[in-house]
Amino acid sequence: MATAGPDDVLIRVVATSVSSGDARIRGANFPPGFGVLARTFLGITRPRQPILGMEVAGVVEAVGQAVSRFKPGDRVFAFSGIGMGCHAEFKVMRETAPIQLMPAGVSFEEAAVLSFGGTTALYFLRDVAKVKGGERVLINGASGSVGSAAVQLARHFGAHVTGLCSAANGDLVRSLGADAVIDYRAENFAARGEAWDVILDTVGSLSFPQCRPVLRPHGRLLLIAGGLGALLKAPVQSRLSGLIITGGTAPERCEDLAELKRIYELGAFRPVIDRCFPLERIADAHARVDTGRKVGNVVVLVGGPS
Ligand SMILES: NC(=O)c1ccc[n+]([C@@H]2O[C@H](COP(=O)([O-])OP(=O)(O)OC[C@H]3O[C@@H](n4cnc5c(N)ncnc54)[C@H](OP(=O)(O)O)[C@@H]3O)[C@@H](O)[C@H]2O)c1
């Protein structure tokens with residue numbers, strides 16, 4: 001078993017997830033143009049971190065002598081993000097890393113999938129787009145992990161939310177708080193005669209030329225799954241249009257987990273669970289994520305709570 005250093009928290013893992021990030025890294029399936037960059041960062045000949053898994057919910061097994069925020073027995077959720085290593089029976093993290101006590105009333109399954117979609121949606125909507133009450137927000141991929149969190153958080157910020165998703169997921173996206181839902185297979189959202197203040201593309205299928213006519217003045221286009229080409233063009237397009245076109249990577253911050261916990265406890269954010277798999281069937285969990293059609297999050301159950 002791993003042991004805790006002086007500043008470490010040793011978490012016994014109850015549940016984790018296979019996120020789209022895990023599946024991308026396992027399959028070396030990166031957005032166009034990011035292959036070399038990602039390989040350099042993650043390992044060229046073999047993975048620097050061979051254990052995938054970016055988020056976890058579990059019970060604190062032990063803490064180092066300098067740790068004051070947690071004690072053995074605490075139920076916590078944590079986000080190791082690109083550091084990964086959560087597909088394991090135990091996970092060691094620094095006390096200062098993104099770890100929080102689980103929200104009241106949450107299951108381990110739900111707590112395990114609060115972070116990946118939640119922190120991404122929170123960062124891009126609150127910090128980058130600075131969504132305000134009354135603004136119109138369009139979310140492409142509204143039924144995915146990031147999208148389902150984004151619908152709920154945009155609604156929480158008081159926005160009018162339009163979700164773009166397949167027809168089968170329309171009712172779910174409406175139930176998460178979307179005011180309107182568009183089936184992207186049946187209708188071109190840009191031909192509706194409507195406009196939005198913020199467009200969040202979690203699929204990587206939208207472009208600036210396509211979105212420009214339907215972005216209001218001061219509009220923001222968030223290309224969170226965009227290829228390198230789109231991101232390189234974004235600063236020039238922003239300067240010429242007066243709009244904000246941007247992408248990048250969401251940070252992994254302890255305070256964002258605290259905020260998601262707060263919003264969960266208000267009842268305004270519930271992570272969506274697609275399916276739960278036992279750890280022995282993690283290959284099936286990856287296969288489900290690889291379909292690109294999961295609804296919310298895929299959970300992996302590792303051990304019992306006690
Ligand atoms: N920049 C960052 O910091 C950051 C952080 C996290 C994730 N990401 C990226 O964000 C993306 C989304 O992640 P995720 O975990 O939310 O993925 P996900 O859960 O797999 O969701 C993707 C959603 O896209 C929809 N979809 C699939 N093909 C589509 C198409 N052709 N047109 C429109 N919608 C389509 C699917 O819904 P339907 O079945 O309803 O079509 C699915 O629910 C990934 O590329 C991931 O790498 C970026």
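1. A residue counts as near a molecule or strand if its C-beta atom, placed from the backbone, lies within 6 Å of it. With that in hand, a good place to begin is the ligand: there are 28 residues around it, and Ser20, Gly144, Ser145, Ser166 and Ala225 come nearest.

2. Two practical remarks before going on. This is a predicted model, in which local features need pLDDT of at least 70 and side-chain atom pairs count only at pLDDT 80 or more, while totals for chains, interfaces and linings use all residues. Residues are numbered from 1 along each chain as its sequence is written.

3. What is the shell around the ligand made of, by residue class? It divides into 7 nonpolar, 18 polar and 3 charged residues. Here Ala, Val, Leu, Ile, Met, Phe, Trp, Tyr, Cys and Pro count as nonpolar, Asp, Glu, Lys and Arg as charged, and the others, Gly among them, as polar. Helix 1 (20-27), helix 4 (116-128) and helix 5 (145-156) each give the shell at least two residues. Helices (H or I, at least four residues) and strands (E, at least two) are DSSP runs, numbered from the N terminus.

4. Now for the domains. The chain is assigned domain 1 (8-114 + 271-301) and domain 2 (116-246), with bounds that come from an automatic or database domain assignment. Their C-alpha centres lie 26 Å apart. The contact between them takes 18 residues from domain 1 and 16 residues from domain 2, where two residues are in contact if their C-beta atoms, placed from the backbone, lie within 7 Å. On the domain 1 side, the touching residues divide into 10 nonpolar, 7 polar and 1 charged. The ligand brings us back to both domains: its shell draws at least three residues from each of domain 1 and domain 2.

5. Next, look for the open sheet of 6 strands, in the order 8-7-6-9-10-11 and with parallel pairing. Two strands pair if DSSP finds at least two bridges between them. Strand 8 (180-183) and strand 11 (244-246) are the edge strands, each pairing on one side only. From one strand to the next, the twist averages 15°.

6. The individual pairings are easy to follow. Strand 6 (residues 136-140) and strand 9 (residues 196-201) run parallel, joined by 4 bridges, and Val137 stands opposite Val198 in strand 9. Strand 9 then pairs with strand 10 in the parallel sense over 5 bridges; Leu200 has Leu222 of strand 10 as its bridge partner. Strand 10 and strand 11 pair in the parallel sense over 3 bridges, and Leu221 stands opposite Ile245 in strand 11.

7. Which helix packs on the sheet by touching strand 10 (215-223) and strand 11? That is helix 8 (residues 228-241), whose direction makes about 165° with that of strand 11. Axes are lines fitted to C-alpha atoms, for helices over the stretch in contact, and angles run from 0 to 180 degrees between N-to-C directions.

8. Two helix pairs deserve a look. The axes of helix 4 and helix 9 (residues 254-266) come within 10 Å and cross at roughly 100°, which makes helix 4 roughly perpendicular to helix 9. Angles under 35 degrees count as roughly parallel, over 145 as roughly antiparallel, 65 to 115 as roughly perpendicular and the rest as oblique. Gly118, Thr119, Leu122 and Tyr123 in helix 4 meet Asp256, Glu259 and Leu260 in helix 9. By class, this contact has 3 nonpolar, 2 polar and 2 charged residues.

9. The second pair is helix 1 and helix 10 (residues 282-290), whose axes come within 9 Å and cross at roughly 100°; helix 1 is thus roughly perpendicular to helix 10. Ser20, Ala23, Arg26 and Gly27 of helix 1 make the contact with His286, Val289 and Asp290 of helix 10. Ser20 is also among the residues that come nearest to the ligand.
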